[in-house]
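Please open the model in your viewer and keep the sequence panel visible beside it. The tour below proceeds by selection, from the whole chain to single residues.

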Amino acid sequence: MLNENKVQIRLDLCQWKQANYDESEPEMQAGVLTFTDVGSFQIEPPKFMINSNEILEVKVQDGRGNIEIILTGNDDVGKVCIVAQDVYWEVCD
C-alpha cells in the first residue's frame with residue numbers, strides 16, 4: 001500500500017554462526033524485518049543492489065530510531081540507513 005511509511009526486508013539469518021547457537025535449532029531462520037513510521041530510507045552507494053548480501057554490522061545511531069546496516073556487495077560494501085519509529089521481526093514458516 002502506498003504512503004504507509006513502511007520498509008520491509010526479507011532476511012535469511014545464519015543462526016549457526018551465532019555464539020549462542022543451540023544445535024537443536026534450525027541452522028537458518030527466514031523472516032521479515034519491518035520498519036514502521038519510516039522518516040528516511042537511503043542506500044549508499046545509490047546503485048548498490050541488495051540481493052544475497054552478508055550483514056557485516058548493524059548500528060543503532062541514537063535513541064531516535066536511526067539504524068545503519070552495513071552489507072557486503074559483489075565487489076564493494078553498501079550501507080542502508082533507515083530512520084523509523086519501530087522495527088518488528090516476523091518469522092516466516
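Two strands are said to pair if DSSP finds at least two bridges between them. By that criterion, β2 and β7 pair in the antiparallel sense, over 6 bridges. The model is a predicted one.

**Whole chain**

Begin with the complete chain in a cartoon view. It holds 7 strands and 0 helices, and from the N terminus on the order of elements is β-β-β-β-β-β-β. The C-alpha trace spans about 40 × 30 × 30 Å along its principal axes. Of the 93 residues, 26% count as buried. The chain exposes about 7,100 Å², and carbon and sulfur atoms supply 47% of that area. Among contacts between residues at least 6 apart in sequence, 53% join residues at least 24 apart.

**Strand β2 and its partners**

Select residues 28-36, which make up strand β2. Is this strand enclosed or open to the surroundings? Of its 9 residues, 7 are buried, so strand β2 is largely enclosed by the rest of the structure.

Next, add residues 7-14, strand β1. Strands β1 and β2 run antiparallel and are joined by 8 bridges. To see one such pairing, pick aspartate 12, whose bridge partner in β2 is alanine 30.

Now add strand β7, residues 86-91. The pairing of β2 with β7 is likewise described as antiparallel. Here, choose valine 32 and look for its bridge partner in β7, glutamate 90.

**Nonpolar core**

Show the side chains of Val7, Ile9, Phe35, Val38 and Ile82. In the largest nonpolar core, which has 13 residues, these five touch the most other members. The elements that give two or more residues to this core are β1, β2, β5 (66-72) and β6 (77-83).

Centre the view on isoleucine 82. Leaving aside residues up to four places away in sequence, isoleucine 82 touches Val7, Ile9, Phe35 and Val38, and also Ser40, Phe41, Gly65, Asn66 and Ile67.

**Glutamate 68**

Move to glutamate 68, in strand β5. Is glutamate 68 buried or exposed? Its relative accessibility is 12%; because buried means under 20%, glutamate 68 counts as buried. Beyond residues up to four places away in sequence, glutamate 68 touches Glu57, Val58, Lys59, Gln61, Lys79, Val80 and Cys81.

**Nonpolar surface patch**

Switch to a surface representation and select Leu13, Ile55, Val58, Trp89 and Val91. Together these residues form a nonpolar patch on the surface, with about 400 Å² of accessible area. Strands β4 (55-60) and β7 (86-91) are the elements that give two or more residues to the patch. Valine 58, a patch member and one of the contacts of glutamate 68, lies in strand β4.

**Tryptophan 89**

Finish at tryptophan 89, a patch residue found in strand β7. Its relative accessibility is 34%, so tryptophan 89 counts as partly exposed. Which residues does tryptophan 89 touch, not counting those up to four places away in sequence? They are Leu11, Leu13, Gln29, Ala30, Gly31, Val32 and Leu33. Measure the C-alpha to C-alpha distance to leucine 11 in the viewer: in the model, the two residues are 9.8 Å apart in space and 78 residues apart in sequence.

Terms used
Residues are numbered from 1 along each chain as its sequence is written. This is a predicted model: local features need pLDDT of at least 70, side-chain atom pairs count only at pLDDT 80 or more; totals for chains, interfaces and linings use all residues. Side-chain values use heavy atoms; hydrogens and water are left out. Patches are made of residues with over 30% relative accessible area and no salt bridge: like charges are joined within 9 Å, nonpolar side chains (Val, Leu, Ile, Met, Phe, Trp, Tyr) within 5 Å. Accessible areas come from the Shrake-Rupley method with a 1.4 Å probe; for residues, only the protein chains shown count as cover. A salt bridge is a side-chain nitrogen of Lys or Arg within 4 Å of a carboxyl oxygen of Asp or Glu. Helices (H or I, at least four residues) and strands (E, at least two) are DSSP runs, numbered from the N terminus. Buried means under 20% relative accessible area, exposed over 50%, partly exposed in between (1.4 Å probe, protein chains only). Contact means heavy atoms within 4.5 Å. A nonpolar core is a set of buried Ala, Val, Leu, Ile, Met, Phe, Trp, Tyr and Cys residues joined through side-chain atoms within 4.5 Å.
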